[in-house]
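User: I'm new to reading protein models and would like to go through one step by step. Could you help me with a few questions?

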Amino acid sequence: MSNLDLINKTILFVKEKLANAEGGHDWFHIQRVYKNALLIARRETCDETVVKLGALLHDIADSKFHDGDETVGPKVARDFLESEGVSEDTITHVIQIIDNISFKGGNNEKVFSSIELDIVQDADRLDAIGAIGIARAFNYGGFKNRPMHDPQIAPKLNMTKEEYKNSVAPTINHFYEKLLLLKDKMNTPTGEEIAQKRHEYMQGFLAQFYAEWDGEL
């Protein structure tokens, strides 16, 4: 099977698996991450097949929607790749990307490194900030029936992985607990450049949000 055939089959597989997914973690999220990853990969020396497969399969079964079980996504991805006759080296690398891409509170120690992981992680993080990131945050907050903002509940920084996974804080807190931190956690020069612009957009949004909240505008 050619690489093009494999990628096309993977796209069809992901579209089918995520047909009824929550709006911030659906096929369109995957498509945006895929495009971001291709943009970054063009400026790096990397295995583009691993980057493409990692981007397409990174959220194939997000643990947030599987009772926190982080083993589901890697298993679904492995079963699919094995069924398509993909080499074990490539499968292992893609699984490592899936296992290590998540923010998880931002304090987890990195146990695997590769330029391909760096690229896909940056691509995923870029989709969590800027205008799309704002929309995704409030979409997920609504999906979980969380308040937009509660001035009495302060953001909790430096959370453990478990605290981050179990947080039920208002959506605005998520900006301080994750989104505004991502600019300084990018891996590649391209990721850093794009993240800076999206970070500034979020800062402007927050200033406007608080002004409206307090009846100043």
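User: Which residues do ring pairs link into a cluster?
Analyst: Happy to help! Keep in mind that this is a predicted model. The count of aromatic pairs comes to nine. Ring pairs join six names into a cluster: Phe 138, Phe 175, Phe 205, Phe 209, Tyr 210 and Trp 213.

User: Are the rings of Phe 205 and Phe 209 stacked, edge-to-face or tilted?
Analyst: Both residues lie in helix H10 (residues 189-213), four residues apart, about one turn of the helix. Their ring centres are 6.0 Å apart and their planes meet at 40°. Planes under 30 degrees apart would be stacked and over 60 edge-to-face, so this pair is tilted.

User: Is Phe 209 buried or exposed?
Analyst: Let's start with its partner: Phe 205 has a relative accessible area of 25%, so Phe 205 is partly exposed. Buried means under 20%. Phe 209 has a value of 11%, so Phe 209 is buried.

User: What arc do the buried residues of H4 cover around the axis?
Analyst: In H4, the buried residues are Gly 73, Pro 74, Val 76, Ala 77, Phe 80 and Leu 81. They sit on the same side of H4 because of the arc they cover, while Lys 75 and Ser 83 are exposed on the other side. That arc is only 165°.

User: Which helix gives the largest share of the largest nonpolar core?
Analyst: This core has 57 residues, and Val 14 is one of those touching the most other members. The largest share, seven residues, comes from helix H2 (residues 27-41).

How values were computed:
Residues numbered from 1 in each chain as written. Predicted model: local features only at pLDDT ≥ 70, side-chain atom pairs only at ≥ 80, totals over all residues. Heavy atoms only, no water. Core = buried A, V, L, I, M, F, W, Y, C linked by side-chain atoms within 4.5 Å. Buried < 20%, exposed > 50% of the residue type's maximum accessible area, 1.4 Å probe, protein only. Helix = DSSP H or I, 4+ residues; strand = E, 2+ residues; numbered from the N terminus. Phe/Tyr/Trp six-rings, centres within 6.5 Å; stacked < 30°, edge-to-face > 60°. Arc of directions from axis to C-beta.
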